[in-house]
Structures are given as C-alpha cells and as structure tokens.
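Okay, everyone, thanks for coming. Let me put the structure up, and then I'll walk you through it.

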Amino acid sequence: MTTQPLPTVGPDWPGPTALAPFRMRATAWVVDTVVVAALAMVLVVAASWFVRAVLGTGDVWSAAAPRPRQAAVVAVALAVVVVGYLGVGQAGAGRTLGKRLVGLRAVQVVRMPEGGLRLIPLRIGVALLRLVSHVVDAPLFWGFLRPLWDRYRRTAADQLTAVFVVVDRDERCFEHERYLDRNAPDQPEWWLCKQPDDVIWNVR
C-alpha cells in the first residue's frame, strides 16, 4: 500500500462528509467499552467452564486456584474481544456497535485516477495496526483527547495509520469488488474499494 502526502491538498478537510465531532467519538468509546467488558465477561465464564469441565484442572475461581491461571483466563478473553471487536470489527464495511449507534465510521482517503479524493473502508491490516497503535494514545489518555485540538480530529493512532473518523455514509465495499469496473457508469461503488495503485492521503 502506497502512503504519501498529496501535494495539491490544502489545509481544509477535503472529504465528502464531515469529520466526527469529539462528543460523538466519546459516546462511541463509552458504548464500546461497555460492550468489550460484557463480551469479555461472557468469554471468561466460557473459558472457566472449559478449564474445569474439559481440561479437568478444577474451578478457576476457587480459593485454591493459582492467581496466574485466573489472570491468564481474563487476559486471553479480553485480548480475543479487543482484537475481534475493536480490530477486525472495524475492517471493511463493518463498524463497532458504538460507532453504529452514533453514526460514525473509520475510513481512509485515497486519490482517484481523475484526481478527486474519496473515502474507502479500512482493510483488516490497517484496522489491526490502528488498534495496536492505540498504545500511543493510552498514557494519561492524552492521545484520546487529541481530537479536541487536532485539525483533522484525529487520535495519535489515527494519524499514524492515516485513518479519519467521519460522520457515517451508507456506501459499502462489496465482496465482489474485484469484478467492478472503474469505468462502468452503473457501478459507482468501485471507488470505495482500495486498488493497488491508489495513493493513501496521509497528513502529518
């Protein structure tokens, strides 16, 4: 994937839809935090049953159970939920429940052959890289507050991965995208799909 600044782009946001206000992002974060916690609890219960009933090593939460085993069950459950829900869940046309409820979508911006800029959904690799990059946002939560003063309302992870969070649009990147013809007038959704020669707009 080619990533480089586009020399003709000015300081204003060029996208066809508005950037997400901080209050909407904050609301989505709260909802997603609750969802992650709930899903992690369900997985912890399932993992505890598996360890007890299938592996036969006893009740994970008994007084005699080793603390490292309990911590491992919680850590694995949380990691699975975070990667699956916050990472893979935001790839393609998907969104987290929080973003869906408030009407947001994480996207990238590419320059089309005719010179215009368009929004495209995140690929799985980009979504996972953005998730990992949130470790930069975590200290003192400064990175999560960065949209309050950043010109493009980005967290540090957004800037590192060239991602923007925008007010939702309905278009999707269909699974049959590889069959779409860029020049076909009756297939306007082709531009939502990343092509090998598309240049990602990465503003520093």
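**A walk through the fold**

Let's start out on the surface, with Val 30: its relative accessible area is 54%, so Val 30 counts as exposed. Before I go on, please keep in mind that this is a predicted model. Val 30 sits in helix α1, which covers residues 22–54. Now look across to Gly 98, which is 68 residues away from Val 30 along the chain, while the two C-alpha atoms are 7.6 Å apart.

Stay on helix α1 for a moment, because Ala 40 is in there too and, with a relative accessible area of 10%, is buried. What does Ala 40 touch, if we leave out residues up to four places away in sequence? The answer is Ala 77, Leu 78 and Val 81. And Ala 79 has its C-alpha 8.5 Å from that of Ala 40, with their positions 39 residues apart in sequence.

Okay, let's zoom out. The protein has six helices and five strands, and if you read along the sequence they come in the order β-α-α-α-β-β-α-α-α-β-β. Of the 204 residues, 42% are buried. If you take the contacts with a separation of 6 or more, 68% of them are between residues 24 or more positions apart. As for the outside, the protein exposes about 11,100 Å², and 65% of that comes from carbon and sulfur atoms.

Now the strands. Strand β2, residues 104–111, pairs with β3 in the antiparallel sense, over five bridges. If you want a spot to look at, find Val 110, which stands opposite Arg 118 in β3. Is strand β3 mostly enclosed or mostly open? It is largely enclosed by the rest of the structure, because four of its five residues, 117–121, are buried.

That takes us inside. As a general point, nonpolar side chains in soluble globular proteins tend to be buried together. Here the largest nonpolar core has eleven residues. From the start of the chain onward, we have Trp 13 and Leu 19, then Val 107 and Val 109, then Leu 117 and Leu 119, then Tyr 152, Phe 164 and Val 166, and finally Trp 201 and Val 203. Strands β2, β3 and β4, the last of these being residues 164–167, each put at least two residues into this core. There's also a second, separate core, with ten residues, including Met 24, Val 126, Ala 127 and Val 165.

Next up, charges. How many salt bridges does the structure hold? Four. One of them joins Arg 130 and Asp 158, with 2.7 Å between the closest N and O atoms. That pair links distant parts of the chain, with Arg 130 in helix α4 and Asp 158 in helix α6, residues 156–160, and their positions 28 residues apart. Both Arg 130 and Asp 158 are buried. Arg 25 comes in as well: Arg 25, Arg 130 and Asp 158 are linked in a network of salt bridges.

Then have a look at Asp 150, which is buried, with a relative accessible area of 12%. Asp 150 makes a salt bridge with Arg 146, where the closest N and O atoms are 3.5 Å apart, and Asp 150 makes another with Arg 154, at 2.9 Å, N to O. What about the two arginines, buried or exposed? Arg 146 has 14% relative accessibility, so Arg 146 counts as buried, and Arg 154, at 4%, counts as buried too.

Last stop, back to the outside. There's a nonpolar surface patch of about 840 Å². Its residues are Val 135, Val 136, Phe 141, Trp 142, Leu 145, Leu 148, Trp 149 and Leu 160. Let's pick Val 136 from that set. Where is Val 136 found? In the loop between α4, residues 124–133, and α5, residues 142–145. With 34% relative accessibility, Val 136 counts as partly exposed.

So, to recap: we have a largest nonpolar core of eleven residues, four salt bridges, and a nonpolar patch of about 840 Å² on the surface. That's it from me; over to you.

Note on methods: Residues are numbered from 1 along each chain as its sequence is written. This is a predicted model: local features need pLDDT of at least 70, side-chain atom pairs count only at pLDDT 80 or more; totals for chains, interfaces and linings use all residues. Side-chain values use heavy atoms; hydrogens and water are left out. Buried means under 20% relative accessible area, exposed over 50%, partly exposed in between (1.4 Å probe, protein chains only). Contact means heavy atoms within 4.5 Å. Accessible areas come from the Shrake-Rupley method with a 1.4 Å probe; for residues, only the protein chains shown count as cover. Patches are made of residues with over 30% relative accessible area and no salt bridge: like charges are joined within 9 Å, nonpolar side chains (Val, Leu, Ile, Met, Phe, Trp, Tyr) within 5 Å. A salt bridge is a side-chain nitrogen of Lys or Arg within 4 Å of a carboxyl oxygen of Asp or Glu. Two strands pair if DSSP finds at least two bridges between them. A nonpolar core is a set of buried Ala, Val, Leu, Ile, Met, Phe, Trp, Tyr and Cys residues joined through side-chain atoms within 4.5 Å.
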